[in-house]
Amino acid sequence: MAGTFVIAQGGGPTAVINQTVVGATLEVRKRHPGAKVLGSLHGVRGIRDGNYVDLSAIPEDRLRLIAGTPSAALGSTRDKPDAAYCEVILNGLKKAGADAFIYIGGNDTSGTQQILTDAAGGSIAFVHAPKTIDNDLEENDHTPGFISAAEFVAGAFLSVDLDFRALPGIYVGIVMGRHAGFLTAAAAAWQLDPDSGPHLVYVPERPFSAAGFIDDVRATLDRHKRCIVAVSEGVSTADGKALVESLVPPDKLERDAHGNVKLSGSDLPSALERALAEGLPGKRARVDALGYMPRGYVGAISAVDAREAFDAGAFAVAVAGEGGGSVALQYDGTKTVLKKVPLKNVAGKTRHMPDDFMKPDVNQLSEAGMAYLKRLGPEKYKVGKPMAYLKRLVPEKYKVGKPFV
């Protein structure tokens, strides 16, 4: 391939998404000397508006610093292009002289790439590079951004559990994840002993009952004298409604610009606090929404996550040379490997946490679920050494630069 590569970032930022941009940019320089690399600002909006930054002109040492910085350096967007919008994007790519478009993001991003692939008829190579802290992309064992976010969540729940050992009560932490419970499950990754929290884990893959929740908390208090709970923002009741819709009157619900119910705004924490106050009067209780903090926290950038995100960007350039597709991180039984998979296998689809990751009769992580998280470490998990827990695959430290320098 020659000519011009366009790269964009879509959806929520992560701690390592810039690694993918830089991995792709440096790989283009290696494989296609003289080729131009354009970074589209704010996702596909930059293509629509002709708003680019020339990544080809940035020295490698500066790119490495960008790679080690959390959030989306090119800016992102929540736009979900339909066929008409994709036609505008396609025209913008042609105007820029693009030979390949690498779009870094989740399932909506892969869906955009599939529409563009169908419309372009092979004139441009469209590549989806994976990114999502939700860990919910089909064909992937795990996704760039997840391990770093999981480290934040695991550390947060270990810390709050120690806090509530000192001053017993009830703590509920609401974790991001609209449809998949992987990140919420990560709250249990650094449990120190059988008495450790989170004692209860609620994920979108299981119907949530407010009455059952109160019973679970009451029983846990009787057993442990405190109760630490991890709840996914996407949990739903048996009728399929988001929990917040079941607990908050329709006229009081917060909604985003698209009219969607905001899952982890102020409504859900307030509603759960009311449920606890009514169901367990007199008990000390606190409900917090972790919100955006886990997804790009500078203090929890996993070296393995950074390396894998960088490698996914480099591999995306190879996929472009093969006509396009989606980059997938898969597990071959011993290590993570990168594979090219068809866009249609990923586009617009959601991977859910397997049923056996949760115990069948209680809202707790199962041995299979713990084994999945433990596999993300280079050695067996040792009780009392939680900070080594999610370091993965490589014995040497991966240097990610000095963010914000």
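**Figure 1. Proline 198 follows a cis peptide bond in this predicted model.** Proline 198 sits in the loop between helix 7 and strand 7 (200–202). The bond that leads into this proline from glycine 197 is cis, and its omega is near 0°. Most peptide bonds are trans, and most residues other than glycine have a negative phi.

**Figure 2. Histidine 42 has a positive phi.** The value is near 60°, in a residue other than glycine. Histidine 42 belongs to the loop between strand 2 (36–40) and helix 2 (44–49). The residue is partly exposed, with a relative accessible area of 44%.

**Figure 3. Asparagine 135 and threonine 132 share a loop between strand 5 and helix 6.** Asparagine 135 is not a glycine, yet its phi is positive, about 65°. Asparagine 135 is buried, and its relative accessible area is 0%. Threonine 132 is buried as well, at a relative accessible area of 10%. A polar atom of the threonine 132 side chain lies 3.0 Å from the backbone nitrogen of aspartate 134. Leaving aside residues up to four places away in sequence, threonine 132 touches Leu137, Thr143, Pro144, Gly145 and Phe146.

**Figure 4. The largest nonpolar core has 40 residues.** Phe146, Val153, Phe157 and Leu183 have the most contacts inside this core. Five elements each supply at least two of its residues: helix 6 (146–166), strand 6 (170–175), helix 7 (182–185), strand 8 (227–232) and helix 12 (367–374). Helix 6 gives the largest share, 11 residues. A second, separate core holds 30 residues, including Ile17, Ile58, Ile102 and Ile104. In soluble globular proteins, nonpolar side chains tend to be buried together.

**Figure 5. Leucine 183 is among the residues with the most contacts inside the largest core.** Which residues does leucine 183 touch, not counting residues up to four places away in sequence? The partners are Ile133, Phe146, Ala149, Ala150, Val153, Val175 and Met176. Two of these partners, Phe146 and Val153, are also listed among the residues with the most contacts in the core.

**Figure 6. Aromatic rings pair at 12 places in the structure.** Phenylalanine 146 and phenylalanine 182 pair edge-to-face, at 6.5 Å centre to centre and 80° between the planes. This pair links distant parts of the chain. Phenylalanine 146 is in helix 6, phenylalanine 182 is in helix 7, and 36 residues separate them. Both are buried. Phenylalanine 208 and phenylalanine 213 form a tilted pair, 5.5 Å centre to centre with 40° between the planes. Both members of that pair are buried, too. Ring pairs also join Phe146, Phe182, Phe357 and Tyr372 into a cluster.

**Figure 7. Two arginines lie over aromatic faces.** Arginine 284 lies over the face of phenylalanine 164, at 4.5 Å from the ring centre. Arginine 375 lies over the face of tyrosine 331, at 3.8 Å from the ring centre.

**Figure 8. Alanine 242 is a buried loop residue.** Its loop runs between strand 8 and helix 9 (243–247). Is alanine 242 buried or exposed? The relative accessible area is 12%, and the cut-off for buried is under 20%, so alanine 242 counts as buried. Leucine 268 is 26 residues away along the chain. The C-alpha atoms of alanine 242 and leucine 268 are separated by 10.0 Å.

**Figure 9. The whole chain has 12 helices and 11 strands.** Of its 405 residues, 56% are buried. Among contacts between residues at least 6 apart in sequence, 74% join residues at least 24 apart. The mean pLDDT of the chain is 89. A value of 70 or more is reached by 89% of the residues.

**Figure 10. Residues 378–405 have pLDDT under 50.** The model has 79 contacts beyond four places in sequence for this stretch. Where pLDDT is low, the predicted coordinates should not be read in detail.

Methods. Residues are numbered from 1 along each chain as its sequence is written. Side-chain values use heavy atoms; hydrogens and water are left out. A nonpolar core is a set of buried Ala, Val, Leu, Ile, Met, Phe, Trp, Tyr and Cys residues joined through side-chain atoms within 4.5 Å. Buried means under 20% relative accessible area, exposed over 50%, partly exposed in between (1.4 Å probe, protein chains only). Helices (H or I, at least four residues) and strands (E, at least two) are DSSP runs, numbered from the N terminus. Contact means heavy atoms within 4.5 Å. Rings of Phe, Tyr and Trp (its six-membered ring) pair if their centres lie within 6.5 Å; planes under 30 degrees apart count as stacked, over 60 as edge-to-face and the rest as tilted. A charge sits over a ring if NZ of Lys or CZ of Arg is within 6 Å of the ring centre and within 35 degrees of the ring normal. A polar contact is a pair of N or O atoms within 3.5 Å; within protein, one must be able to donate a hydrogen and the other to accept it, and residues adjacent in sequence count only if both atoms are side-chain atoms. pLDDT is the predictor's confidence in each residue, from 0 to 100.
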